[in-house]
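User: I would like to go through this model and see how each label is justified. Please set the values against the definitions.

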Amino acid sequence: MGTRLPVAQHRVVLLGGGYVTLHAYAGLMRHAGRAVRRGEVQVVVISADDAHSFHGFTGEVLAGLLPYERTRTPLAEAMPHAHVILGRATSVDAEHRVVRYELLDEQSGPRRECTLDYDELVVGTGGREPATAVPGLAEHGFTLRAPGDIAVLTERVRLAAARRGLRRHTVLVAGGGMAGVEMAAAVADLGGARVRVELVHSGDAILPELRDHQPRLARRAEQELQRLGVRVRLGVRLARVTEQHAYLSDGTSLPASTVIATIGQRPVQVPGLEMHRDPRGRLVTRPDLSVVDGVWAAGDAACVVHPTSGEPVPANALWAIKGGEHVGRNLARTLRRRPTRPFAYRGLGQAASFGFGRSVSELYGIPFTGWLAWVLRLTFFLRFMPSRRRAAQVVADFARHAAYGRRPAEPAPSVGDLAAARTA
Ligand SMILES: Cc1cc2nc3c(=O)[nH]c(=O)nc-3n(C[C@H](O)[C@H](O)[C@H](O)COP(=O)(O)OP(=O)(O)OC[C@H]3O[C@@H](n4cnc5c(N)ncnc54)[C@H](O)[C@@H]3O)c2cc1C
């Protein structure tokens, strides 16, 4: 084993450092916190990233409204009673209740394989954009989930916006779902007249997930993109990326030196539970969110069925949070040998932002636009930020923006920082 851990009666291992893990921890602490504090139940987090990324504010970071650090909360700070191991899970042996992982902590020397046994394991490894599906994307594009990518991108767009000369910097965003639309709007908002934004979507209309039941909100989103000068290309895919160009499936080539892909996502699969995956590779959960005895899953890595529609719930933060909370509650019940409860959460809504004070939101089926939508979205995000201090700082950042405008540019990252961020 890589890290010496004290002996405990029960060990709960949480894989990943995202929404599922944080909220499974919170649920467990709420219902069995005393046992954790007394050391009877040990919580171990194995995460490939040592901080939680609050993806919801990615658009605000890209638009220069919030500093990147606001979205990052160190796991040790967010889960003070857990042992956090910086490592990548490499396999799960559910029969013997053992997880294997590779230590990523550089201070522990070269990367090495370790094993850890568990009583209960929660898989919250999330998803990743399929960067290798488009030739050149992994080398020359951005996928936004890699730690550091957002900070690098923001500075790149800032520099392009400040540059003088005739040539405009073109940013191509691939994917017309919520994330793609928000990213395109944010880049256009920050880049202004010096940056041209192209949004490429393979379907015949953007925001399919919203359009189905809120067509008015989808139309409003299109108007916001128009206002920001984003050009939308429908019915085409991103086919190849080079350092200076993006090639589309219809044969068009665009001189884009920055390509951002939000082209759907694939679950991160930790080998060992193959029998329990759906065709998309997600872990199929039982009604109580267990996968097999001793293994639980939620969030983007899982296929969780909606309690009333019977359809898989969407891969977004709300469902990861609520799924994580439920797993935490059921972990506490399992440790007390009580029967578990089925996941019964029915949903709340969705939202997208187009800059300061401009949003579309749907809450329990009711559509909202403009300031009200923006405030609703912000309230929800602040409520679920893992750090109260950072949530307060976000409010202060927005108040400062309202009073003085966009925050000043930060020093551009060094070449070394850029390389490190791209390879992380
Ligand atoms: C740019 C962007 C914007 C978004 N905006 C919104 C939004 O506005 N609203 C919304 O509801 N949703 C949004 N989402 C989606 C939302 O962030 C995800 O649905 C949510 O993060 C899923 O939570 P999770 O816990 O399953 O995974 P994540 O939060 O992605 O966490 C996964 C964790 O697992 C770690 N990990 C991965 N592989 C391993 C491994 N093998 N071993 C150990 N650790 C591993 C990762 O480092 C990470 O810490 C956005 C996503 C992105 C990328």
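User: Which residue in E24 is the bridge partner of Glu362?

Analyst: The bridge partner of Glu362 in E24 is Pro367. A word on the source: this is a predicted model, in which local features need pLDDT of at least 70, side-chain atom pairs count only at pLDDT 80 or more, and totals for chains, interfaces and linings use all residues. Residues are numbered from 1 along each chain as its sequence is written.

User: What makes E23 and E24 a pair of strands?

Analyst: Strands (E, at least two residues) and helices (H or I, at least four) are DSSP runs, numbered from the N terminus. Two strands pair if DSSP finds at least two bridges between them. Strand E23 (residues 359–363) and strand E24 (residues 366–369) have 4 bridges, in the antiparallel sense, so they meet the definition of a pair. They form a hairpin with 2 residues between them.

User: Why is Tyr364 called exposed?

Analyst: A residue is exposed if 12 or fewer other C-beta atoms lie within 10 Å of its own, buried if 20 or more do, and partly exposed in between; C-beta atoms are placed from the backbone. Tyr364 has 8 such atoms within 10 Å, so it is exposed. Tyr364 lies in the loop between E23 and E24, and has a positive phi of about 50 degrees although it is not a glycine.

User: Is Ile366 in strand E24 buried or exposed?

Analyst: Ile366, which is found in strand E24, has 10 C-beta neighbours inside 10 Å and therefore counts as exposed.

User: Why does Leu207 count as buried?

Analyst: Leu207 has 24 C-beta neighbours inside 10 Å, so it counts as buried. Leu207 lies in the loop between strand E11 (195–201) and helix H7 (208–211). Its phi is near 55 degrees, a positive value in a residue other than glycine.

User: What makes a set of residues a nonpolar core, and how many residues has the largest one?

Analyst: A nonpolar core is a set of buried Ala, Val, Leu, Ile, Met, Phe, Trp, Tyr and Cys residues joined through C-beta atoms within 7 Å. The largest has 59 residues, and those with the most contacts inside it are Ala184, Val187 and Val259. Helix H6 (residues 178–191) gives the most to this core, with 10 residues. A second, separate core of 58 residues includes Ala32, Val41, Leu86 and Trp296.

User: Why is the largest core said to lie between the domains?

Analyst: Domain bounds come from an automatic or database domain assignment. Domain 1 (10–128 + 266–335) and domain 2 (131–264 + 349–423) both give residues to this core, so it lies between them. The C-alpha centres of the two domains lie 26 Å apart.

User: Which residues surrounding the ligand are the closest?

Analyst: A residue is near a molecule if its C-beta atom, placed from the backbone, lies within 6 Å of it. The ligand is surrounded by 31 residues, of which the closest are Gly16, Gly18, Gly126, Gly299 and Asn316. H9 supplies the largest share of the shell, 3 residues.

User: Why does the shell around the ligand lie between the domains?

Analyst: Both domain 1 and domain 2 give residues to the shell around the ligand, so it lies between them.
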